[in-house]
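Q: I would like to learn how to read the main features of a fold from its coordinates, beginning with strand pairing and ending with pockets. Could we go through them one at a time?

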Amino acid sequence: MSNLRCLYPGSFDPVTLGHMDMIRRAARIFDTVVVGVLHNPDKQGCFPVEKRVDMLKKACRGLKHVEIIAYDGLLARFTREQDIRVVVRGVRGGADLESETAMARINGQLHPGLETVLLPAAPDKEQISASMVRQLAAFGADISPYVPAEALPDILAAFASQDHN
Ligand code: PNS
């Protein structure tokens, strides 16, 4: 039986509805989607990696064949270790296309045979980014149209406990 696994990597700081759309679409193409959450020990991010993984797990609870795993270091090393040959990334516009193409080429050089599949963001998700969500949340704006409902309480709680204004 074939089990074509892909890696959907990112910072997910925090998970957005743009990410969720990519995960769902990737799950329709591949047998298994491994969602890789980059843990950069030198850059904590807004949410600790454990919290980012936890929010993704809650948001993906109803989805079959989706695994959430934190990784650190090079993506190409992680795909080798996991025996994954396809990376999926979303593209919102021209700037994304340029940076994603460069990243795909580097990853392909570091892990020969590794392919990157770029999926265009859905028109209603194009404007969503984790940095935009962080900024809106910091100023108390409504972020519910941009993040999965399952992650909303955790995001609001994190910003309520900090003085961002
Ligand atoms: O959500 P992001 O921040 O756009 O995701 C970027 C990510 C995490 C996929 C990318 O920065 C990454 O995999 N970094 C790990 C280090 C690495 O492999 N760098 C070489 C590829 S440019």
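**Reading the sheet, the helices and the pockets**

A: Let us begin with one pair of strands in this predicted model: E1 and E2 run parallel and are joined by six bridges. Within this pairing, Tyr-8 has Val-35 of E2 as its bridge partner.

Q: By what are strands of a sheet paired in general, and which strand does E2, residues 32-38, join through a further six bridges?

A: In general, the strands of a sheet pair through backbone hydrogen bonds, and the pairing is either parallel or antiparallel. In this structure, E2 is joined to E3 by six bridges, and these two strands run parallel. Val-35 has Ile-68 as its bridge partner in E3, and Val-35 is also the partner of Tyr-8, which lets one follow the register from strand to strand.

Q: In what order do the five strands form the open sheet, and which are the edge strands?

A: The order is E3-E2-E1-E4-E5, with parallel pairing. The edges are strand E3 (66-71) and strand E5 (115-120), each of which pairs on one side only. On average, neighbouring strands of this sheet are turned by 30° against each other, with direction ignored.

Q: How do the side chains of a regular strand lie with respect to the two faces of the sheet, and which residues of E1 point one way and which the other?

A: The general idea is that side chains in a regular strand alternate between the two faces of the sheet. In E1, Arg-5, Leu-7 and Pro-9 point one way, whereas Cys-6, Tyr-8 and Gly-10 point the other way, and all of them are buried. Because six of the six residues of E1 are buried, this strand is largely enclosed by the rest of the structure.

Q: Which helices should I place against the sheet, and at what angle does H1 run to E5?

A: Helix H1 (residues 17-29) lies across E1, E2, E3, E4 and E5, running at about 120° to E5. Helix H3 (residues 75-82) also packs on the sheet, where it touches E1, E3 and E4, and its direction makes about 150° with that of E1.

Q: How should I read burial for a single residue, for instance whether Glu-100 is buried or exposed?

A: One compares its relative accessible area with a cut-off, since buried means under 20%. Glu-100, which is found in helix H4, has a relative accessible area of 7% and is therefore buried. Leaving aside neighbours within four places in sequence, Glu-100 is in contact with Arg-89, Gly-90, Val-91 and Leu-118.

Q: Which residues of helix H6 are buried, and what is included in their cover?

A: In H6 (residues 152-160), the buried residues are Leu-152, Asp-154, Ile-155, Ala-158 and Phe-159. Their cover includes helix H2 (49-59) and H5.

Q: What volume does the largest pocket have, and how many residues line it?

A: Its volume is about 640 Å³, and its lining has 30 residues, with Ser-11, Phe-12, His-19, Arg-89 and Ala-130 nearest the centre. E1, H1, E4, helix H4 (94-110) and helix H5 (130-138) each supply at least two residues of this lining. By class, the lining of the largest pocket has 10 nonpolar, 11 polar and nine charged residues.

Q: What is the volume of the second largest pocket, and which element gives the largest share of its lining?

A: The second largest pocket has a volume of about 210 Å³. Among its 14 lining residues, Leu-38, Tyr-71, Leu-75, Met-103 and Asn-107 are the closest to its centre. H4 gives the largest share of this lining, four residues, and the lining divides into nine nonpolar, four polar and one charged.

Terms used. Residues are numbered from 1 along each chain as its sequence is written. This is a predicted model: local features need pLDDT of at least 70, side-chain atom pairs count only at pLDDT 80 or more; totals for chains, interfaces and linings use all residues. Side-chain values use heavy atoms; hydrogens and water are left out. Two strands pair if DSSP finds at least two bridges between them. Axes are lines fitted to C-alpha atoms, for helices over the stretch in contact, and angles run from 0 to 180 degrees between N-to-C directions. Contact means heavy atoms within 4.5 Å. On a 1 Å grid over the protein atoms alone, a cavity is a set of points where a 1.4 Å probe fits but cannot get out, and a pocket is an open set with protein on both sides within 12 Å along at least five of seven lines; lining residues have an atom within 4 Å of a point. Grid points are joined across faces, edges and corners, and a volume is the space filled by probe spheres set on the points. Ala, Val, Leu, Ile, Met, Phe, Trp, Tyr, Cys and Pro count as nonpolar, Asp, Glu, Lys and Arg as charged, and the others, Gly among them, as polar. Buried means under 20% relative accessible area, exposed over 50%, partly exposed in between (1.4 Å probe, protein chains only).
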